Structures are given as structure tokens and as C-alpha cells.
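Good morning, colleagues. Please take a moment to look at the sequence and the structure before I begin.

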Amino acid sequence: MPRLQEIRANLGDRLREAKEQGWLGEVAAIEASLAAAEHKLAAMRDLATRHTTVHLGMPDFRASAGRSTPEP
């Protein structure tokens with residue numbers, strides 16, 4: 001996520017420069033890229049808040065490996 005935030009900041013700088021220079025085609029392309037970066041960051045934030053750790057336990061391979069513990 002930090003790398004995408006850097007990219008978004010760079011796109012903002014490039015957008016300002018393109019507007020100052022009057023590069024209209026470039027402005028449109030950068031705005032589209034900026035919107036995509038914002039969308040991706042929002043999705044990443046949403047994903048980070050939804051995920052929790054799930055304990056799956058340890059599998060017991062003793063029976064399938066032919067090793068079983070004798071019952072007391």
C-alpha cells in the first residue's frame with residue numbers, strides 16, 4: 001500500500017504539471033490513472049479491515065503415515 005500511495009502522489013504532481021503546460025490529452029490520461037489508483041487503495045483498505053486470522057489447526061498425519069499412538 002505504501003508504494004501505491006507514492007504512485008498516487010506522483011500522479012498528482014504530474015497532473016498539476018500537465019495542467020500548467022496545457023497538455024489536455026495527458027491530463028485526461030493522468031486523471032484516469034489517478035482514479036484507478038484511488039479505487040485500488042480503497043479496495044486495499046477495505047480488504048485490510050475485513051481480514052482476520054483464522055486458526056486452521058495442525059493436520060494429524062500419524063494414521064496415514066502408519067504411525068499411531070497406542071491407546072491407553
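I shall speak first about the nonpolar core, and then about the salt bridges.

Please note that this is a predicted model.

Which residues make up the largest nonpolar core? There are nine: Leu4, Leu11, Leu15, Ala18, Val27, Ile30, Leu34, Ala37 and Leu41. Helix 1, residues 2-21, and helix 2, residues 24-50, each contribute at least two of them. The most come from helix 2, which provides five.

Let us stay with helix 2. Its buried residues are Val27, Ile30, Leu34, Ala37 and Leu41, and the buried residues of this helix pack against helix 1. As one example, leaving aside residues up to four places away in sequence, Ala37 touches Leu4 and Leu11. The length of helix 2 also agrees with expectation: at 1.5 Å a residue, its 27 residues should span 39 Å, and its end C-alpha atoms are indeed 39 Å apart.

I turn now to the charged side chains. How many salt bridges does a search of the whole structure find? It finds five.

Among them is the pair of glutamate 38 and arginine 8, at 3.6 Å from N to O. This pair joins distant parts of the chain, since glutamate 38 lies in helix 2 and arginine 8 in helix 1, 30 residues apart. Glutamate 38 is partly exposed, at 36% relative accessibility, and arginine 8 is partly exposed at 25%.

Another salt bridge connects aspartate 13 with arginine 16, at 2.4 Å from N to O. These two residues are three apart in helix 1, so about one helical turn separates them. Aspartate 13 is partly exposed, with 44% relative accessibility.

Definitions and conventions. Residues numbered from 1 in each chain as written. Predicted model: local features only at pLDDT ≥ 70, side-chain atom pairs only at ≥ 80, totals over all residues. Heavy atoms only, no water. Core = buried A, V, L, I, M, F, W, Y, C linked by side-chain atoms within 4.5 Å. Buried < 20%, exposed > 50% of the residue type's maximum accessible area, 1.4 Å probe, protein only. Helix = DSSP H or I, 4+ residues; strand = E, 2+ residues; numbered from the N terminus. Contact = heavy atoms within 4.5 Å. Expected span 1.5 Å × (residues − 1). Salt bridge = Lys/Arg side-chain N within 4 Å of Asp/Glu carboxyl O.
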